[in-house]
There are 2 protein chains.
Amino acid sequence: MNVRGNLMPELNIIVQKYGGTSVGTPDRIKAVAERIKTYTAGGHSVVVVVSAMGKTTDELIALAAQITKKPSSRELDMLLSTGEQVSISLLAMALHEIGIDAISYTGSQIKMITDGNFSKAKIESIETDRIMKSLTEKRVVIVAGFQGIDTEENITTLGRGGSDTSAVALAAVLGTRDCEIYTDVNGVFTADPRIISSTSKLKEISYDEMLELARLGAAVLHSRSVEFAKKYNIRLHVRSSFNYEEGTIVMPKEEMMEKFVISGVTAKRDEAKITIWDIPDQPGIAARLFSIMGQNKLYVNMIVQSTGKDNKASISFTVLKSDLDKAMGLCEDLNNELGGTAVEAKKDIAIVSAVGVGMLSSYGVAGRIFKVFSDRKINIEMISTSEIGISCVIDEKHADLALKVLHKEFIEAEQQ
Amino acid sequence: MNVRGNLMPELNIIVQKYGGTSVGTPDRIKAVAERIKTYTAGGHSVVVVVSAMGKTTDELIALAAQITKKPSSRELDMLLSTGEQVSISLLAMALHEIGIDAISYTGSQIKMITDGNFSKAKIESIETDRIMKSLTEKRVVIVAGFQGIDTEENITTLGRGGSDTSAVALAAVLGTRDCEIYTDVNGVFTADPRIISSTSKLKEISYDEMLELARLGAAVLHSRSVEFAKKYNIRLHVRSSFNYEEGTIVMPKEEMMEKFVISGVTAKRDEAKITIWDIPDQPGIAARLFSIMGQNKLYVNMIVQSTGKDNKASISFTVLKSDLDKAMGLCEDLNNELGGTAVEAKKDIAIVSAVGVGMLSSYGVAGRIFKVFSDRKINIEMISTSEIGISCVIDEKHADLALKVLHKEFIEAEQQ
């Protein structure tokens, strides 16, 4: 993507993205218009990206399902992109109604060019001329999120949550660092408030922590939008459109004021564990196994390989529960061929993770976690670590307890 | 519009337009796909124009009304055009599902260029390259009706019923004379079947009769589509998508096999009559009156001016009932200024009309109509005639009777 730096600093551009709940009803759309008005009154030039209203996208998918079980991805993108087009026109009307000049643009109209991968297209470039012209005419510019066009003007979509990415890409090409992501929660929390009552909102979080949290099941932001923000150094302010509280700013870790050892804990319950016992411990077996998984479009998350005696190894890994039957079939075929002793599946697991940039400069975090678990008799079945995160596969029945003790021992203790 | 004649006769192109009821549900869309399949199997290259599903357009207008009473016409067009975009994608999916290759295009994608008059735009040109390429690839081409773009790529719409015009324009630029308009009635009838039980379907009707019927309240086709068809010599086959019966072909009168004196009778009940008595009979008064009406965007239909004694004239004319109060106010102002004696409004009128190309070559039709009315004691308050039509303003309570006697004396008698 071609980024030219801040085009016109005097415009004081801010990009705001409003999610489906934020524009879910005509009244919500009017509330969003009022919020935008506070920014234009404050001297900002506002570029707004909106998602489809409420459950529109799901409803359109359900409509297509009444026609065919396998919709062509080009036609599905043609269909789904209408959701955002409805929102942008209504928001423009709501702004006009309160005396704010505004104009809406589809992805096609601002030449939001993507590759041709329907339903998961990647943004390649955005033309800024038309947006800049409208901004200099003192108009609020409203852009349909989630959608673009390929070089042949076919309509493409960016995948679920893609409006976040549209917003970050616009901030990047318009040369502003300020991008607000409005959603129905107050920001990024240290844990799921439905499980941990003492959870608290983070003021700041780094890109890498946010990506790790997203990967581990905390779905506040579209991962690609965070990668984009990191690449183009955009500060993402994740906040609620239902109040005026400050939310959480996703930023470079170098700019963060406070760095906790652990910023958040998550539990992912949609995966199952497969173990292949006692296969020959020779080079290429793991590669073969996981390339078979890849060829069959099975998403593999955690992988642990252990060497046993007699040159035999065991491999454990996790797949989505919905993919378990398919994955087991493939594993059994491979196991028979290789002469392994058994393939075992376990469904009732959870992946409990702790994420924090502070881990980079702290020693013994893993040890402290294992101690906390063992004190509560929580057995760890698999462990995997990254630079800023530790994930443990445990029995699903212990997941809530594990989250609570991690949150108490690390986050609550540290914040005091 | 630039029309180059039949581009590739070997493609055997047919243009079909399906209205909102015809694609009102997923099941209806599947039925339309099956119908299209009979044409592709028969060796036709099919270009399909579709309207929005069922009441979608009304629902979208109601949604906008929840935001603002006066939506900007640009943003309203942005909103409304999504309705057709939903239909085209679903129809493409339905065709794929039964093994027919198909591709959908928005107005923007086929460069359906219009002027910039949002909500009532006029088509200026259509690019045929992309359509022709898809047709030569043996694909059914599905085009969103009702919508286009202006030269700055703003989305425009053609006004109510505009999909008919989209279809005719496509037939014209693709150089085919065959355009089928699928609707929820079996064709064009000699009278409204809800009033005249003995009404019959016309096999053929001329462009001018169709235009006259449309003007006089029989709203089967969008008038502009008929004007387009006349200009480009397209034969419009108006028929039902709910059965395989032949409908009515709208065609040049020179090609018609049978020409009835009167092809159809209509009653229009949404107008009211205003009479201004005894205004000075001097040049320019009528011009002044009707330019005032025009400036105030009041649609005036029938006008009769009669000269009285003492250089005084009376003017009667009809306006929409919904405009009556506004029109009366303007007339009273003018009447006061000119010293007329009174302005009178009458709401309970109907305009009963008979239309037929046969009138051109028949004498005494008007006289026969007046005789028929007077035999039934139906008083005629105003008369206006065109080349192929006669309209009479009568008391609304006599409207059904007037239709019945006209239908019996002219249409039923002649068809026997």
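Start with helix α2 of chain A, where the face turned away from the buried side carries the exposed residues A:Asp58 and A:Ala62. This is a predicted model, and the helix in question runs over residues 56-65. Its buried residues are A:Thr57, A:Leu60 and A:Ala64. Seen around the axis, those three cover an arc of only 60 degrees, which puts them on the same side of α2(A). What do the buried residues of α2(A) pack against? Part of the answer is α3 (73-97) of chain A, and the rest comes from across the contact, as α3 of chain B joins in.

That brings up how the two chains sit together. Chain B lands on chain A after a rotation of 180 degrees with 0.1 Å of shift along the axis, and the RMSD of the fit is 0.1 Å. That is the relation of a two-fold axis. Within chain B, the C-alpha nearest this axis belongs to B:Thr82, at 2.6 Å from it.

The contact itself takes 28 residues from chain B and 28 residues from chain A. On the side of chain B that touches chain A, the elements giving two or more residues are α1, α2 (56-65) and α3 of chain B. Which of them gives the most? It is α3(B), with 14 residues. By type, this side of chain B splits into 14 nonpolar, 10 polar and 4 charged residues. As for whether the two copies use matching patches, 100% of the interface residues of chain B are also interface residues in chain A, so the copies meet through the same surface.

Helix α1 of chain B covers residues 26-41, and its length can be checked with a quick sum. At 1.5 Å a residue, its 16 residues should span 22 Å, and the end C-alpha atoms are 23 Å apart, which agrees. Buried in this helix are B:Ile29, B:Lys30, B:Val32, B:Ala33 and B:Ile36. Looking down the axis of α1(B), these buried residues fall within an arc of 155 degrees, so they line one face of the helix. The other side of α1(B) has B:Asp27, B:Glu34, B:Thr38 and B:Ala41, which are exposed. The buried residues pack against two helix-or-strand sets within chain B: β1 (13-18), β2 (45-50) and β6 (140-144) on the strand side, and α3 (73-97) on the helix side. Just after α1(B) comes B:Gly43, with a positive phi of about 90 degrees.

Further along chain B, helix α7 (residues 223-232) has B:Arg224, B:Ser225, B:Val226, B:Phe228, B:Ala229 and B:Lys230 buried. The cover over the buried residues of α7(B) includes α5 (162-174), α6 (207-215), β11 (235-240) and β12 (248-251) of chain B. Just past the end of α7(B), B:Asn233 takes a positive phi of about 60 degrees.

Positive phi values turn up in chain A too. Most residues other than glycine have a negative phi. A:Asn233 is not a glycine, yet has a positive phi of about 60 degrees. A:Asn233 lies in the loop between α7 (223-232) and β11 (235-240) of chain A, and with 14 C-beta neighbours inside 10 Å it counts as partly exposed. A:Lys297 is another non-glycine with a positive phi, here of about 55 degrees. A:Lys297 sits in the loop between α8 (285-295) and β15 of chain A. Is A:Lys297 buried or exposed? With 8 C-beta neighbours inside 10 Å, A:Lys297 counts as exposed.

Now for some strands of chain A. Strand β16 (residues 312-320) pairs with β14 (residues 271-280) in the antiparallel sense over 8 bridges. In that pairing, A:Ile274 has A:Phe317 of β16(A) as its bridge partner. Strand β15 (residues 300-307) also pairs with β16(A) in the antiparallel sense, over 6 bridges. Here A:Ser306 is bridged to A:Ser314 of β16(A).

Last comes A:Ile205, a residue of strand β10 (residues 204-206) of chain A. A:Ile205 counts as buried, with 30 C-beta neighbours inside 10 Å. Leaving aside neighbours within four places in sequence, A:Ile205 is in contact with A:Val188, A:Met210, A:Thr248, A:Val250 and A:Ser263. A:Ser263 is 58 residues from A:Ile205 in sequence, yet their C-alpha atoms are 7.6 Å apart in space.

Terms used:
Residues are numbered from 1 along each chain as its sequence is written. Chains are lettered from A and ligands numbered from 1 in the order in which they are written. This is a predicted model: local features need pLDDT of at least 70, side-chain atom pairs count only at pLDDT 80 or more; totals for chains, interfaces and linings use all residues. Helices (H or I, at least four residues) and strands (E, at least two) are DSSP runs, numbered from the N terminus. The expected span of a helix is 1.5 Å times one less than its number of residues. A residue is buried if 20 or more other C-beta atoms lie within 10 Å of its own, exposed if 12 or fewer, and partly exposed in between; C-beta atoms are placed from the backbone. The arc is that of the directions from the helix axis to the C-beta atoms. Two residues are in contact if their C-beta atoms, placed from the backbone, lie within 7 Å. Two strands pair if DSSP finds at least two bridges between them. Copies are superposed by least squares on the C-alpha atoms of residues with pLDDT of at least 70 in both. Ala, Val, Leu, Ile, Met, Phe, Trp, Tyr, Cys and Pro count as nonpolar, Asp, Glu, Lys and Arg as charged, and the others, Gly among them, as polar.
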